[in-house]
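Colleague: Hey, got a minute to walk me through this one? I'd like to start with the inside of the protein.

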Amino acid sequence: MTIRRAQPADDTILGQLDAATWTDDVSPAPAPPPGTPFFSDRTQPQDVIVADVDRIVVGYARISQPIALPSHQHVLALNGLAVDPRWQGQGVGRRLVEATVQEARERGARKLSLRVLGTNASARRLYEACGFMVEGTLRAEFLLEGRYIDDVFMALELISGS
């Protein structure tokens, strides 16, 4: 497995990966329509880390600046993680989270945050295993398939003593 920065040529496969993984169990937003470009003004290749096996992308993590204010520049967000269902449970997600943590450190962030649905137990276990801690929960934040679902905020302190 190779972990690398995304390239513009990865656009189609990343969109297909979203389609294969995006459900109400993992995201409060509807899946993008088929053929929707993955890269846009909001998502650039330099902000996406991919895992590939034999040159086939099997997962990605997206990093972003969640609040565009000078006073918030020290915080980055892991705002997308997807692993091909055929590769889940094989360490791909962990490697992508670890690479995202390293990327955030290299960019000078003091904190890496994320949001995860309260019902997404496997993702929460992964994030906790990588050192993320729950900072807060918005109760019943989303209504998905007739159920109210919590939105859990998690974060990892990248520089001790903050």
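Modeller: Sure, and keep in mind that this is a predicted model. The largest nonpolar core has 19 residues, and Val97, Leu112, Tyr127 and Phe132 touch the most other members.

Colleague: Which elements give two or more residues to this core?

Modeller: Those are β4 (75-83), α2 (92-106), β5 (111-117), α3 (121-129) and β7 (147-157).

Colleague: And what does Tyr127 touch?

Modeller: Leaving out residues up to four places away in sequence, Tyr127 touches Leu78, Leu81, Val97, Leu114, Val116, Phe132 and Met154. There is also a second, separate core of 10 residues, with Ala6, Leu17, Phe38 and Ala82 among them.

Colleague: Is there a general idea behind cores like that?

Modeller: Yes, in soluble globular proteins nonpolar side chains tend to be buried together.

Colleague: OK, on to α3. Which residues are buried there?

Modeller: Ala123, Leu126 and Tyr127 are buried in α3. Looking down the axis of α3, you'd find its buried residues within an arc of 95°, so they line one face of the helix.

Colleague: Why would residues a few places apart point the same way?

Modeller: An α-helix has 3.6 residues a turn, so residues three or four places apart point the same way.

Colleague: What do the buried residues of α3 pack against?

Modeller: They pack against β4, α2, β5 and β7. After α3 comes Gly131, which has a positive phi, near 100°.

Colleague: Switching topic: where is Asp84?

Modeller: Asp84 is in the loop between β4 and α2.

Colleague: Does Asp84 count as buried or exposed?

Modeller: Buried: Asp84 has 9% relative accessibility, and the cut-off for buried is under 20%. The side chain of Asp84 also makes a polar contact of 2.6 Å with the side chain of Arg86.

Colleague: What else does Asp84 touch, not counting residues up to four places away in sequence?

Modeller: Leu17, Thr21 and Val58.

Colleague: Tell me about Thr21, then. Where is it?

Modeller: Thr21 is in helix α1, which covers residues 11-21. Thr21 is buried too, with a relative accessible area of 15%. A polar atom of the Thr21 side chain lies 2.9 Å from the backbone oxygen of Leu17. Setting aside neighbours within four places in sequence, Thr21 is in contact with Val26, Ala82, Val83, Asp84, Pro85 and Gln88.

Colleague: Another one: which strand is Leu117 in?

Modeller: Leu117 is in β5, and Leu117 is buried with a relative accessible area of 2%. Beyond its neighbours within four places in sequence, Leu117 has contacts that include Asp24, Val26, Pro28, Arg124, Phe142 and Ile149.

Colleague: Let's zoom out. How many helices and strands are there in the protein?

Modeller: There are 3 helices and 7 strands. From the N terminus on, the order is β-α-β-β-β-α-β-α-β-β. The radius of gyration is 15 Å, close to the 15 Å from the globule rule for 162 residues, so the protein is as compact as a globular protein of that length.

Colleague: And what does the C-alpha trace span along its principal axes?

Modeller: About 40 × 40 × 30 Å.

Colleague: Last bit: what share of the residues is buried?

Modeller: Buried residues make up 41% of the 162. As for contacts between residues at least 6 apart in sequence, 63% join residues at least 24 apart. The protein exposes about 9200 Å², and carbon and sulfur atoms supply 51% of that.

How values were computed: Residues are numbered from 1 along each chain as its sequence is written. This is a predicted model: local features need pLDDT of at least 70, side-chain atom pairs count only at pLDDT 80 or more; totals for chains, interfaces and linings use all residues. Side-chain values use heavy atoms; hydrogens and water are left out. A nonpolar core is a set of buried Ala, Val, Leu, Ile, Met, Phe, Trp, Tyr and Cys residues joined through side-chain atoms within 4.5 Å. Buried means under 20% relative accessible area, exposed over 50%, partly exposed in between (1.4 Å probe, protein chains only). Helices (H or I, at least four residues) and strands (E, at least two) are DSSP runs, numbered from the N terminus. Contact means heavy atoms within 4.5 Å. The arc is that of the directions from the helix axis to the C-beta atoms. A polar contact is a pair of N or O atoms within 3.5 Å; within protein, one must be able to donate a hydrogen and the other to accept it, and residues adjacent in sequence count only if both atoms are side-chain atoms. The radius of gyration is taken over C-alpha atoms; the globule rule is 2.2 Å times the number of residues to the power 0.38. Accessible areas come from the Shrake-Rupley method with a 1.4 Å probe; for residues, only the protein chains shown count as cover.
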